[in-house]
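Got your viewer open? Here is a short tour, one selection at a time.

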Amino acid sequence: MTKIIVRGGQRLKGTVRVSGAKNAVLPILAASLLATEGDSVISDVPLLDDVMTIQKVLASLGAQLTYNNETMRISASTITTFEAPYELIRKMRASFLVMGPLLARIGRVRISLPGGCAIGTRPIDQHLKGFEAMGAEITLGQGFIEARTKTRLKGAKIYLDVASVGATENIMMAAALAEGTTTIENAAKEPEIVDLANYINAMGGKVRGAGTGLIRIEGVDRMHGAAHNVIPDRVEAGTYMIAAAITGGDVFVEGAIADHLTPVISKLQEMGVEITESDNGVRVRSSAVLKSVDVKTLPHPGFPTDMQSQMMALLLVSEGTSVVTETVFENRFMHVEEFQKMNAQIKVDGRTAIVSGGLPLTGAKVCATDLRAGAALICAALRADGETEVTGLHHVDRGYVNITGKLASLGAIIRRVETEEEDAAAASVATTSSKLLKAGVSAASLPARDTVSAVAVSAGAASEGDAAASYKREKEVSVLKVQPTWA
Ligand SMILES: CC(=O)N[C@H]1[C@@H](OP(=O)(O)OP(=O)(O)OC[C@H]2O[C@@H](n3ccc(=O)[nH]c3=O)[C@H](O)[C@@H]2O)O[C@H](CO)[C@@H](O)[C@@H]1O
Ligand SMILES: C=C(OP(=O)(O)O)C(=O)O
């Protein structure tokens, strides 16, 4: 069992650098499939398990990828198949984002229903509604979706019933190569949508209005590879801000963009945390007793659901009672039971949690039930009396680069322990790490997690037994450049 062990009670102090945003880099890497010529060079690519998964998806589709020093180079001119491998798509939600680019570029996709954190039912109806409006014929069966179009996708007017981040991204990518203009109404406004639009535009696309509720995409005939820097991860930044505040610390979160964190910053300020915004980051200082506040998650620019559990950890140590309402996902309070093992007083009623703050937290054995729950438990552990052991780290490794090392550099007493009975996910990551080393990725470029988060490398680096590679071998008969269905 792999675990992170934290001894609470240290005041965090110093500077921590934020990595590139997971939720920006995943759609951006999917969008690289839109290029029929030239390489894309994506910088600030974080070494995360989710990045490894998407690179395997792209490699299995025939793209060539190399990774060095947080930079991914992708050549997507030779796509060899329209089928995305089940083993990879089921691992994470964002791998479903290859559907839009494939449909736009080659007019055909076969993909399984996506997996990911079990924080809600997470339907994909809005993605499919968008593709259908653009002329795709969609069939569903046995957990797979097939979509086809006999001609290029056609621009359409699409209204999203919910401002879904993934649907906005998938439709935006499909529309980039469609014939005519597409409008997305009630589009998601997250900063990651803007980052994706900037990359699509650098590739020769024409996207306007990203970051507002109305996005207009004028389809172009061809797109090319482009250079792009991924934005800093606002959720990772927010997590370190909470870690600083919960320990009464003084931390400069380098690279954090204050504008992307407005709802988090304003709640922290209401609680009594001192925040100083500057061009290259955000300083967080907290020495007084914090006040309780109510928090309601909403799509951007509301309070992000991806910060709800970390915020709840901070509310546990503030004076008074807080009400936390989760409106985005219907099952995102799984961390409550784990907090309760640490002496937390929380009552859940449907989508609302009543948090009684101010009681001392005590160390316990807890399990990360999803990615952000894991980060929240680590934050709580930093403040708790005694030692806390956090397991379920395969969730945490999806979205945090070297969280143990980063917190230790701020003075936390924290270590990651790998024992012989590693869980399956950790084992597969460790195997991947050794593959990567064999494939020529330098150890220095791997993160300082005791084993490692994995990385993207060329398709050739995926070795025996690897899901992506075996899938590719099965498909070798058809490994010739796939032509659009209308060519
Ligand atoms: C990789 C990535 O970027 N993940 C983020 C993305 O997930 P993701 O893109 O999956 O989240 P969505 O914005 O799509 O989901 C928001 C809500 O819309 C619903 N919905 C979504 C699509 C659809 O077709 N039908 C539908 O009903 C979902 O069930 C959910 O209740 O945005 C979420 C909301 O900010 C974040 O928590 C995730 O970290
Ligand atoms: C829910 C998250 O990610 P995903 O959509 O990839 O499951 C997250 O980043 O908190």
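**Stop one: an annotated pair**

Start by selecting Lys 22 and Asn 23, which an unreviewed UniProt entry annotates as "binding site". Keep in mind as you look that this is a predicted model.

Now show helix α1, residues 22–31, and you will find Lys 22 in it. Asn 23 has its place in helix α1 too.

Is Lys 22 buried or exposed? Lys 22 counts as buried because it has 26 C-beta neighbours inside 10 Å, where 20 or more are needed. Asn 23 is also buried, with 26 other C-beta atoms within 10 Å.

Next, add the contacts of Lys 22, leaving aside neighbours within four places in sequence: Pro 46, Leu 48, Asp 50, Asp 233 and Gly 399.

**Stop two: the largest nonpolar core**

In soluble globular proteins, nonpolar side chains tend to be buried together. To see this model's largest nonpolar core, which has 153 residues, select the members that touch the most others: Met 172, Ala 176, Met 241, Val 253 and Ala 380.

Which helix gives the most to this core? Colour residues 371–383, helix α12, which contributes 10 residues. Then colour by domain: the core takes at least three residues from domain 1 (2–19 + 232–421) and at least three from domain 2 (22–231 + 457–478).

**Last stop: Met 241**

Finish by centring on Met 241, one of the core members with the most contacts to other members. Which residues does Met 241 touch, not counting those up to four places away in sequence? Select Val 253, Val 264, Leu 268, Val 282 and Val 284 to see them.

Technical notes. Residues are numbered from 1 along each chain as its sequence is written. Chains are lettered from A and ligands numbered from 1 in the order in which they are written. This is a predicted model: local features need pLDDT of at least 70, side-chain atom pairs count only at pLDDT 80 or more; totals for chains, interfaces and linings use all residues. A nonpolar core is a set of buried Ala, Val, Leu, Ile, Met, Phe, Trp, Tyr and Cys residues joined through C-beta atoms within 7 Å. A residue is buried if 20 or more other C-beta atoms lie within 10 Å of its own, exposed if 12 or fewer, and partly exposed in between; C-beta atoms are placed from the backbone. Helices (H or I, at least four residues) and strands (E, at least two) are DSSP runs, numbered from the N terminus. Domain bounds come from an automatic or database domain assignment. Two residues are in contact if their C-beta atoms, placed from the backbone, lie within 7 Å. UniProt positions are given in the numbering used here, feature names are shortened, and annotations may be inferred rather than shown by experiment.
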